[in-house]
Every structure is written in C-alpha cells, then in structure tokens.
Amino acid sequence: MLRNLSPIALACQGPPHIMVGGSDLTGGSLREGLELNKSLVGKTFPGGSHRIEPDRVLKFRRFLDCVGPTNTYEKPILAEGDQVHPMFLNHLSVRQGLPEVFVGFPHRHRTPGGETLESLAPIHIGDTINAISRLVDMYTKKGRSGTMLFAVWETEFTNQHGKLVGRVRLPLVHTQ
Amino acid sequence: MDLITSIDQISIGDEAFSLERTITLEEAKEYVEFLGMQRPNQFINSEVAANQGYSGPISPARMMVTEVCGLLGRWIPNSRLTKLEVIYRRTVPHNNPYRVSAVVTDVRPEEGTSLVDLDFRIASLTGEALITGTVILYLPLPQRNARGQP
C-alpha cells in the first residue's frame, strides 16, 4: 500500500523502504527483524527561502506572548532590523516538502517526538532565511501500542549572508 | 513572576514561573492558520483526531512550547534563547488546563555575560508530565562587584 509520493520521494524511490523478509506489510502487523532501507539517510532536501516579514512576526509574537485571540492583542510596532525570537525558525514552512520515508508502513499518524532548537546567531525582520533539511537517522522502537518508526530530521538555517543562524533537530515518530 | 535585572538575582533551584494555562479550539485554529497547515487536521477536527487515535482535537505542542519561550522572555526581558530541547510525552486536548513551570538548574557567569540553564515542565493538573525540556538562556548582564556596581 503506497501513499501518494511527493516528486522528491519518487526521485528517491528505490526498493521498498520497509522490508520484512520480503513480506507484504499491507494491513499486517510488524514483526521482529524489521529492515529499514536507509538509502535516504544523509540526503538533503531544500526547505526554501523565507523572508522574515513584519506581519508574520507580529502574528508569531501573539503566540509567544500567549495573550489569546487577536482582538485582545496590543500590537507592538515592528521595524526592519528588529531582532526576532529564534523560535520563529521553528515556524517556517520548511518541512512540508519532506518525503515520506516509511512508505508502505501502515501508520496512523506521524508526530514529533520532541525537538532541539539551537540559536547560533540572531535573526531579524527583513532577513532571508534559507533552510536545508537532512535525514540523519532512521530506527525502530517498541512501544506499548506496537512498533514505532523514527525518522530524525535536521534542518539548518542560514541567512542572506550565508551565516548559519540556527539548527533544528526533529525526530518524527510513525506509530501504528 | 519577578523580573530579573541582575544575574545575582538568579540561583539554582529558583522557579522562573509556574502558572495554569488552557488552550481553546479558537486559539488552536489561529495557530494552525498561522502555520499554514493543511485542513482538516488533528488540532482542529474531531474526526481527523479520532482517526489518529485521539479522544478529540489536540493542542499543538509547539504552540505550548512557544508560550514557554515567551514566559522566559518576560522573566528576563533582555535574555536570548540559545538552546531548547523538548520531549513531547502526551497530548493535551483543548480546554484542558495544564500547569507550565520552569526551574533554574545552573547559572554560569562569564565575563560580561551569563548563561542560565532551566528545566521546564508542562504537566496536567494531576501532575502527569505532558511536555518536558531544557532551555539555555544567554544573558548580557554583568555581574556586580562587591560594591554592587556592574
């Protein structure tokens, strides 16, 4: 059972990513000896260029300041060059183009198990942030509700000067 | 929540903040819209949430962590977050109050600056850990000398 694949995933498509002695996993439960095709590990995927716009930062600030719905928020005045909280990097849409690495695994959902954000240099309104994501690891783990598959992604963010400004490490957990 | 103006005000074991918070469906919708997430999804739609094994729409965990960052910024207004590590343990349905708190675990003064390590915790009102993590804040605050001068 294959999901719809993004062009990136199709380009990387090789042998099935989940193999258990060649058995078809559709609708079945995973058994010991799960074999992962790690051909995607180490590969990088572009996450696009994102200009830090004042209106985006204004909206983001609402969640940072946990002040509730828009109509209760006293809007600050933001200007080009104002420093932006590094957590803003985690709100750039850089992961929507990431391939589905566990093709064929009948998982109910895919969710972050956690994340690590490193702020390496300040970011500002008006900066253009470039993102590149890389699959750094894939592994399995037994949980209470069955086998979980982990895909660990690392995204590096550079600004318009090529300076590394941040890094996010994100383990995505696929559960049955 | 006392504002920090000097590194001398911070000691290991200090509680930066501890408060109750609840995320509503309306707030989750605004967050999801800000992220540009595909609709429907598990954060705002009961059916999608149920299909994924949840009892109802869940609060976006990153939204909750973003608020922690904001609270830390209010505790020390001119601090800068340098590292954040988070573990998502359990999901939180909407309109379920939870407690968010942070405690200082280390203070590392350096010349002209300081680093403060904190553990933060988001827990149910019964004490069950929902999200845990650590934060390192960079503080451009000078230590004060024996005369109380920076």
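Just after helix 1 of chain B, Gly36(B) adopts a positive phi of about 75 degrees. The model is predicted, and this glycine follows a helix with many buried positions: Glu27(B), Ala28(B), Glu30(B), Tyr31(B), Val32(B), Phe34(B) and Leu35(B). The cover over these residues includes strand 1 and helix 3 of chain B, together with helix 2 (54–64) of chain A. An α-helix has 3.6 residues a turn, so residues three or four places apart point the same way.

**Contact between the chains**

Helix 1 (25–35) of chain B also belongs to the side that touches chain A; the elements giving two or more residues to that side are this helix, helix 2 (46–51), helix 3 and strand 2 (80–88) of chain B. The contact draws 32 residues from chain B and 35 residues from chain A. Between the two chains an area of about 2,800 Å² is buried, and carbon and sulfur atoms give 53% of it. Within chain B, the residues that lose the most area to chain A are Phe34(B), Arg62(B) and Arg80(B), which together account for 25% of what that side buries. Phe34(B) is thus listed both here and among the buried residues of helix 1 of chain B.

Polar interactions also cross this interface. There are 13 residue pairs in polar contact, both residues being at pLDDT 80 or more, and two salt bridges are found. Glu30(B), one of the buried residues of helix 1, forms a salt bridge with Arg62(A), with the closest N and O atoms 3.2 Å apart.

**Strand pairing in chain B**

Strand 3 of chain B pairs with strand 1 and with strand 4 of chain B, as set out below.

| Strands of chain B | Sense | Bridges |
|---|---|---|
| Strand 1 (residues 15–21) and strand 3 (residues 98–110) | antiparallel | six bridges |
| Strand 3 and strand 4 (residues 113–124) | antiparallel | twelve bridges |

In the pairing with strand 1, Phe17(B) stands opposite Ala102(B) of strand 3. On the side of strand 4, Ser114(B) is the bridge partner of Pro109(B). Strands 3 and 4 of chain B form a hairpin with two residues between the strands, where Gly112(B) takes a positive phi near 80 degrees.

Thr113(B) lies in strand 4 of chain B. This threonine counts as buried because its relative accessibility is 13%, below the 20% cut-off. Its side chain reaches the backbone oxygen of Leu139(B) at 2.9 Å.

**Nonpolar cores**

Leu139(B) appears again in the packing around Ile10(B). Leaving aside residues up to four places away in sequence, Ile10(B) touches Ile4(B), Trp75(B), Ile76(B), Val104(B), Val107(B), Val116(B) and Leu139(B). In the largest nonpolar core, which holds 64 residues, the members touching the most others are Ile10(B), Leu72(B), Trp75(B) and Leu84(B). Helix 3 (residues 61–75) of chain B supplies the largest share of this core, with eight residues. Another core, of 13 residues, lies apart from it and includes Val101(A), Phe102(A), Leu149(A) and Trp153(A).

**Chain A**

The secondary structure of chain A consists of two helices and ten strands, which follow the pattern α-β-β-β-α-β-β-β-β-β-β-β along the sequence. Of the 176 residues in chain A, 47% are buried. Among contacts in chain A with a separation of 6 or more, 70% are between residues 24 or more positions apart.

Notes
Residues numbered from 1 in each chain as written. Chains lettered and ligands numbered in written order. Heavy atoms only, no water. Core = buried A, V, L, I, M, F, W, Y, C linked by side-chain atoms within 4.5 Å. Buried < 20%, exposed > 50% of the residue type's maximum accessible area, 1.4 Å probe, protein only. Helix = DSSP H or I, 4+ residues; strand = E, 2+ residues; numbered from the N terminus. Contact = heavy atoms within 4.5 Å. Pairing = 2+ DSSP bridges. Buried area = accessible area lost by both parts, 1.4 Å probe. Salt bridge = Lys/Arg side-chain N within 4 Å of Asp/Glu carboxyl O. Polar contact = N/O pair within 3.5 Å; in protein donor to acceptor, adjacent residues only side chain to side chain.
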